[in-house]
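Visitor: I would like to know what lies behind the labels people put on a structure. Could you walk me through some?

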Amino acid sequence: LSDFQDKISLDFPPEGSTLTQTQDLNHSFHFKDYAPRAFSRIRKCFGVSSASYAASLCGDLSFIEFCSNSRSGQFFFFSQDGKYMIKTQTKEECTFLRRILPHYYRHVIQNPATMLTRFYGMHRVKMHHIRRKMRFVVMGSVFATREDVKCMFDVKGSTVGRAAKP
């Protein structure tokens, strides 16, 4: 149970530290990694190494934002290599995913071919100078495939508050 509640926190000063490299921002930021051991085992189950995960997300720090008609108002990004989709989260969404994580974990470990979204990590960045916290979840991109994508559909998970003309 503690694996699902654990958090690792790191401060990233511009000059670096014994645990972090120097970075180009003029301000420090604080990084929090939620349930790192549980998400590491989930990534391993899906054949994603910690090294490749970190390289995709931290390589040149470039992300590709895409427009979305998300009712939540959250932002979506692709990692530069297209392997991962990053979605910002509200505090409530973060709390919800942390609450269901033991059940999700059990399901994906028992069903590695599941068609459920592949959640690979959940993190938070706190920028002290602007007093803002950004929570986000990292998911496997369904577009990271060798197959040609010929047609795409925007499938929603709920019909509440959604309507279409005939």
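Guide: Happily; let us take the labels one by one. This is a predicted model, where local features need pLDDT of at least 70, side-chain atom pairs count only at pLDDT 80 or more, and totals for chains, interfaces and linings use all residues. Residues are numbered from 1 along each chain as its sequence is written, and side-chain values use heavy atoms, leaving out hydrogens and water.

Visitor: Why is D33 said to have no salt bridge?

Guide: A salt bridge needs a side-chain nitrogen of Lys or Arg within 4 Å of a carboxyl oxygen of Asp or Glu. For D33, the nearest side chain of opposite charge, R43, is 6.1 Å away, so there is no salt bridge. D33 is nevertheless buried, which means under 20% relative accessible area (exposed is over 50%, partly exposed in between; 1.4 Å probe, protein chains only).

Visitor: What makes the pair of D33 and H123 a polar contact?

Guide: Their side chains are 3.1 Å apart, and the definition asks for N or O atoms within 3.5 Å, one able to donate a hydrogen and the other to accept it.

Visitor: How do you know that the buried residues of α3 line one face of the helix?

Guide: Those residues are Y53, S56 and L57. Seen down the axis of α3, they fall within an arc of 90°, so they line one face; the arc is that of the directions from the helix axis to the C-beta atoms. On the other side of α3, A51, A55 and C58 are exposed.

Notes: Lys, Arg positive; Asp, Glu negative; His and termini not counted. Helix = DSSP H or I, 4+ residues; strand = E, 2+ residues; numbered from the N terminus.
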